Amino acid sequence: MIRRAFRPAARPSRAQFFAALGFGALGALGQAPWSLWPVALLGFGGLIWLYRASAAAPKAAWIGWAGGAGYFAVSLFWLVEPFMVDIARHGWMAPFALFFMAGGLALLWATAFGVARRIGGLIALVAMWTAMEMLRSVLFTGFPWATVGHIWSDHPILQIAAFGGTPVLTLLTLAIAAGPAARKPLVGLAVSSILLLAGWGYGIRQLATHAAQNTDISVRLVQPNAAQHLKWDPEHIGTFLQRAVNLTAAPADIAPDLIVWPETSVPYALNDAPTVLEAISRAAGGQPVIVGGNDRVEDGWRNTLVLLGPEGRREQTYHKYHLVPFGEYIPFGEALSKIGIRGLASRDGGGFSKGPGPKLIDLPGIGTALPLICYELIFPRSFIGLPRPDLLLQITNDAWFGNISGPYQHLAQARLRAVEQGLPLIRAANTGISAVIDPWGRITAQTDLNVAAVLDAGLPAAAPATLYSRLYDWPMRGLLVLLLIWRIAARRRVSIDHASPQE
């Protein structure tokens, strides 16, 4: 199979290959901050037309790979930004990181197109493509960023995520894009239009029916705006810390019930900085404060979220457990650190140590919250096996992500998580975008990017538990398996009929 894929006859023409790259890039324009869903559907539809024109599985796989490479190169372009923070040490890695990430993830699309071509039919492609997008959320620790279904994060169709999460949005997207490529294009176009209008109409109805409602709880989000290239500079550490303290103590029309600082906003080891924590609590007037920092533990360092009570006492502690590969840790980190290769945000060569796992924390007078540190937000499986919390709480440092697309895509995924769970979400981001999001994904308050700011807002009320929060991805997994079994059985029947002797 692999050898046949490299034969000239098994590869698409140069025109087809570059067309697939271009269509993939168009698909990426559906992601935030562009959110151009018609352009994205055009891109996915173009890839499906090229798939239909490919008579053999190897050629279809090449089309899928080229489309994926174009898609991920555009949607994940922000990946070069972290390497630009310290250009002298890491700048040389930037093009390799983007190339290998885009090319590697594109292999999943190649698999979807190649296998679907062997099975036959557009239904097989839509099912396999959706399945591969689901697979990349768990493969090699997972990376479900810029999933196809995320193109609806800024549109009413997002509300469907309450039933099946990102996978159902991806399946719907690809089904709409595939319609015009059906054997009867007009019928296919009609079906696509019905799916689009039905999804859009349902979303509008949900948003109109459920007006934003706040509780009587007020939260304050602190955004110190510490530029990443200066964040750990000894000459600037004190400035950023004092800025966060001043924002914490700023006057408010209504005294906040909870104050939230972003990820790693305390620049000293939390278990070695009682004076700093006490000063933060004093600036908060004794109100509960969430801060992010690092804990020194027996097995190294941990990325940590702490709830401070009066006099800076640590009331609750959460350690990040889903670490960023090659960012917060790298395999064989101790050995590679000796030749100068370290994770971008790691400590002591080996990187951060994992926390024990997801947990809820109790917020006095508010309820329970599921804490998520930065990258952990993008994984819906972080919610499995826990009692339903009253809210979702994310602290993050999106200064790593640049200014073009990364912070906006991260915010879009926060909106999606809120809809999936039917819960309000608050996020404090170092350089922005800090926001309060209601259970229907509406942003009720937010800051601008790259400004020092304090955001005071009411906490939205939770909605009833969603179907997705109860069943996770299992219904979608079952549906995709049934679709593929059906298509395989249909192909087998056709083969048997063709092989039967004519009477």
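**Group meeting: a mixed sheet and a pocket**

In this model, which is a predicted one, let me begin with strand β8, residues 391–396, which runs parallel to strand β9, residues 425–429, and is joined to β9 by 5 bridges. Within that pairing, I395 of the one strand has A428 in β9 standing opposite.

Stepping back to the sheet that holds these two strands, we have an open arrangement of 6 strands, in the order β6-β7-β8-β9-β10-β11, and the pairing is mixed. β6, at 361–363, and β11, at 443–446, are the edge strands, and each has a single partner, so one side of each is left without a neighbour in the sheet. From one strand to the next, the twist averages 25°.

Helix α15, residues 406–421, lies across β8, β9, β10 and β11, and the direction of α15 makes an angle of about 160° with β9.

Let me now turn to the second largest pocket, which holds about 670 Å³ of space. Its lining consists of 28 residues, and those lying nearest the centre are G121, L122, I123, A182 and R487. As for character, the lining divides into 17 nonpolar residues, 5 polar ones and 6 charged ones.

Which helix gives the most to the lining of this pocket? That is α17, with 6 residues, and α17 spans 474–499. At least two lining residues each also come from α3 (37–53), α7 (94–119), α8 (122–135), α9 (161–178) and α10 (185–209).

Conventions: Residues numbered from 1 in each chain as written. Predicted model: local features only at pLDDT ≥ 70, side-chain atom pairs only at ≥ 80, totals over all residues. Heavy atoms only, no water. 1 Å grid on protein atoms, 1.4 Å probe; cavity = no way out; pocket = protein on both sides within 12 Å on 5 of 7 lines; lining within 4 Å. Points joined across faces, edges and corners; volume = space filled by probe spheres on them. Helix = DSSP H or I, 4+ residues; strand = E, 2+ residues; numbered from the N terminus. Nonpolar A, V, L, I, M, F, W, Y, C, P; charged D, E, K, R; others polar. Pairing = 2+ DSSP bridges. Axes fitted to C-alpha atoms, helices over the stretch in contact; angles between N-to-C directions. Contact = heavy atoms within 4.5 Å.
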